[in-house]
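Here is a short set of exercises to work through with the structure open beside you. Try each task before reading its solution.

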Amino acid sequence: MAELWYAILAVMLALYVVLDGYDLGAGALHLAVARNDPERRTVLAAIGPFWDANEVWLLASGGVLFVAFPRALAAGLSGFYLAIFLVIWCLVLRAVAIEFRSHVAEPLWRNFWDVVLAGASGLLPVLFGAAFGNLIRGVPLGREGWFELTLFTSFLPREPVGILDWYTVLAGVFALVALLGHGAAFLTWRTEGPVQERSRRLAFVLYVVLAVLWPLVTLATHAVNPSLLAALPGRPLGWLGLALALGGVVGALVATRRGRPLAAFLGSSAFIAGMLIATAACLFPVLLRATSGPAWSITAFNGGSTTSGLRTALGWWVVGFPVALLYFVILFRIHRGKARAAAEGEGY
Amino acid sequence: MDPAFWHRLQFAFTITYHYLFPQLTMGLAALILVMKTLGLRRGGDAWNDAARFWIRIFGINFAMGVVTGIPMEFQFGTNWGGLSRYAGNVIGHTLAIEGLFAFFLESSFLAVLVWGESRVGRVGHWFASLALFAGSWLSGYFIVMTNAFLQRPVGYAAGPDGSLVLADFWAFLLNPWGIAQYAHTMMGTLVTASFVVAALGAFYALRSIHVDHARRFLAVGVTAGLLSSGAVAWPTGDHQAKLVAAHQPIALAAMEGRFESGPYAAITIIGQPNRAARRIDNPLQVPGVLSFLAFGAFHTDVPGLDRFPEHLWPDNVELLYYAFHIMVGLGTIFIAVMALAAVLLARGRLARSRAMLWVLMLAFPFPYIANTAGWLTAELGRQPWVVYGLLRTRDATSPLVHPGSALFTLIGFAGLYLVLGLLFVFLIQREIAHGPRGGATHG
């Protein structure tokens, strides 16, 4: 049962990163690919109807973590206290920027929110990537199952560790490049004209950078946490994830070149999902790795869950998850086709 | 200082601020559904234009509710790690269900309601308003049920490591305390939305602009306002008070500032609780009424604070007393105001009665105060417990987050929310100035 919920959590988080990832990427890129107000409104029309529903996957994943592994939730969120609030404030500012920008047809107002949107959307992938870096590197969990991390110490991934060090920042940059590429692929698929053309060119460059960074990040990961890659040979899901990621990045590059935007977007989605699945498969059953040694790590088995509680939760999850997917399909169908800037006063 | 102080202040500040928005959107979702239904049944554009105007107001409030709601979920882990670890196996269910069932419904259909009218047609748009109403009221249900577990824990068992586990899902999800609290809360949201709709109708009527819409807003606002103001007091408020009397007698004693036990318990209309002297100063009281309201008979003995050891008293008796009295006092005034307005409305004289219009226009902030005071009553009355009778608030924080970090984020929220509040007032003022003219365009 704990294994199943670990998998559910991984799948929901992967869904979150794939879905919110494209609107984060598009938000961070829009200053570069959309140069005037109608173009910016085209970008907003592409992500506007979706961002909120996409972000719900983060809250729903948090809810699943809460009910399935409360010890991991309590330790993780309180241990990364300051970083979590940076994430929250970025999420708030970004939502306000998207929702309030087009209410006022005033260039200064709109320029201000455009910059806020780009800044918050760009910082979030870095923070998310750094969070994954922290999970891989490990945190100083104590005997009672709590830890406390400052934002930074010496920027070196050794005791006393901070949330940001060269490894977690590298992971953050890797995540930023991946989500920028993902956002560019999404905009190539959903827009036309100059925005599409700029997005297509950027997507290709970003995926080349990603392909170069990938082996570097893998080497660094091995240096920081040798047990992760060592676990890979025995984890078939890890292989599957890696194959998916490799196929995805190659597919995204080829499809972008050949002018097949939907295929490129799917390739970039496959890369993100594959990377997350492979990481989760190799980390299992660890949720929070203790730098002081595996005995104090919080895992799926000591994360505070009970079999009866997880069985109850499965009862509503098997109903709720398909329903949530159904809303998503309805939403995508209503807003299918290329995004066009709405008339003044009518949309994002 | 109490090490939990900054955590409590941050949660109190962020939740109070957050609830300024859902209390309008949940009530307004019901009124928008009424307007959309009238538009569908009567044909023509008038009710649809009215609905479209309120959907724009709704959209701004909803966005504020979403962005101020995100921090609430996270704070269970960041600041209240002790509570999450102790009760996560139970309250995690409702919070996760809310995300999966309600948030997706709301977030998917809000976009359709606000921007999708031309894509989905009349019936589709009506359906979106229904989905949004269902989503927001469902969301409220799961949140209130989470709170109800903290107020009156049911359906749980003690787990192997001392934390709580869920023993009976349906007992937890249908907690009788929670159902009463939900009914009372939702009627409270309708009061806020009704007063806001009526106030804007009154404003337009007094200014003699958008006169036809002013009549519609007044009719919807006053009708719903009378029904909901009544329902807040009886049966929902009455029932809630009886549950408090039965299950949280210390909270009831503190709410009434009742330091001494005894039969023929009085309700205090006004007066200042003096904890040191253990009495109400300058009291204006009606004997027997508290006994009657709490237990149905004038002579029943109602326990006062003297029956309980002081370490079990709510830690802020004075604020709890004032919060409760402000809520009840305002609630009583709401019934009177809406009853008077409803009489004038029924006689067709409301739109010409300038005095009544002035009252309605100026009354809209008070339901916000009453709803806030109601939640203050619930949360202060539960102290010193975070899970009533099981976990003390001081044991519920994240043990390693030090006051410096908590104050840092509290200051951050204060600044951010000040800016958000100014933006909100600016945008709402523009919508009101623009008014509900036909068509979806606005500048």
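**Exercise 1. Find out how confident the predictor is in chain B, and where that confidence drops.**

Solution. Start with the average: this is a predicted model, and chain B has a mean pLDDT of 93. Next, look at the spread, where 99% of the residues score at least 70. Then go to the end of the chain: for residues 439–443 of chain B the pLDDT is below 50. That stretch makes 10 contacts in the model beyond near neighbours in sequence. Finally, turn to the model as a whole, which scores ipTM 0.91 and pTM 0.93.

**Exercise 2. Work out whether the radius of gyration of chain B agrees with that of a compact globule.**

Solution. First take the length, 443 residues, for which a compact globule would have a radius of gyration near 22 Å. Now compare: chain B has 23 Å, so the value agrees with the globule rule. For a picture of the extent, the C-alpha atoms fill a box of roughly 65 × 50 × 40 Å along the principal axes. Inside it, chain B holds 14 helices and 6 strands, and 55% of its residues are buried. As a last step, check how the chain meets itself: of the contacts between residues at least 6 apart in sequence, 74% join residues at least 24 apart.

**Exercise 3. Describe the side of chain B that touches chain A.**

Solution. Begin with the counts: 55 residues of chain B are in contact with 54 residues of chain A. Then see which elements contribute: α3, α4, α5, β2 and α14 of chain B each supply at least two residues. Of these, α4(B) gives the largest share, with 22 residues. Sort the residues of this side by class and you get 31 nonpolar, 21 polar and 3 charged.

**Exercise 4. Trace the hairpin formed by β3(B) and β4(B).**

Solution. Locate the two strands first: β3 covers residues 267–274 of chain B and β4 covers residues 279–286. They run antiparallel and are joined by 6 bridges. One pairing to look for is B:Gln272 with its bridge partner B:Asp281 in β4(B). Now follow the turn, where 4 residues lie between the strands and B:Arg278 has a positive phi of about 55°.

**Exercise 5. In the loop between α7 and α8 of chain B, decide whether B:Ser208 and B:His210 are buried or exposed.**

Solution. Both residues catch the eye through their backbone: B:Ser208 has a positive phi near 55°, and B:His210 has one of about 45° without being a glycine. Count the neighbours of B:Ser208 next. It has 8 C-beta neighbours inside 10 Å, so B:Ser208 counts as exposed; the cut-off for exposed is 12 or fewer. Repeat this for B:His210, which has 21 other C-beta atoms within 10 Å and is therefore buried, since the cut-off for buried is 20 or more.

**Exercise 6. Place the cis peptide bonds that lead to A:Pro160 and B:Pro384.**

Solution. In chain A, follow the bond from A:Glu159 to A:Pro160, which is cis with omega near -10°. A:Pro160 sits in the loop between α6 and α7 of chain A. In chain B, the bond from B:Gln383 to B:Pro384 is cis with omega near 5°. B:Pro384 belongs to the loop between α13 and β5 of chain B.

Key
Residues numbered from 1 in each chain as written. Chains lettered and ligands numbered in written order. Predicted model: local features only at pLDDT ≥ 70, side-chain atom pairs only at ≥ 80, totals over all residues. Contact = placed C-beta atoms within 7 Å. Nonpolar A, V, L, I, M, F, W, Y, C, P; charged D, E, K, R; others polar. Pairing = 2+ DSSP bridges. Rg over C-alpha atoms; globule rule 2.2 N^0.38 Å. pLDDT = per-residue confidence, 0-100.
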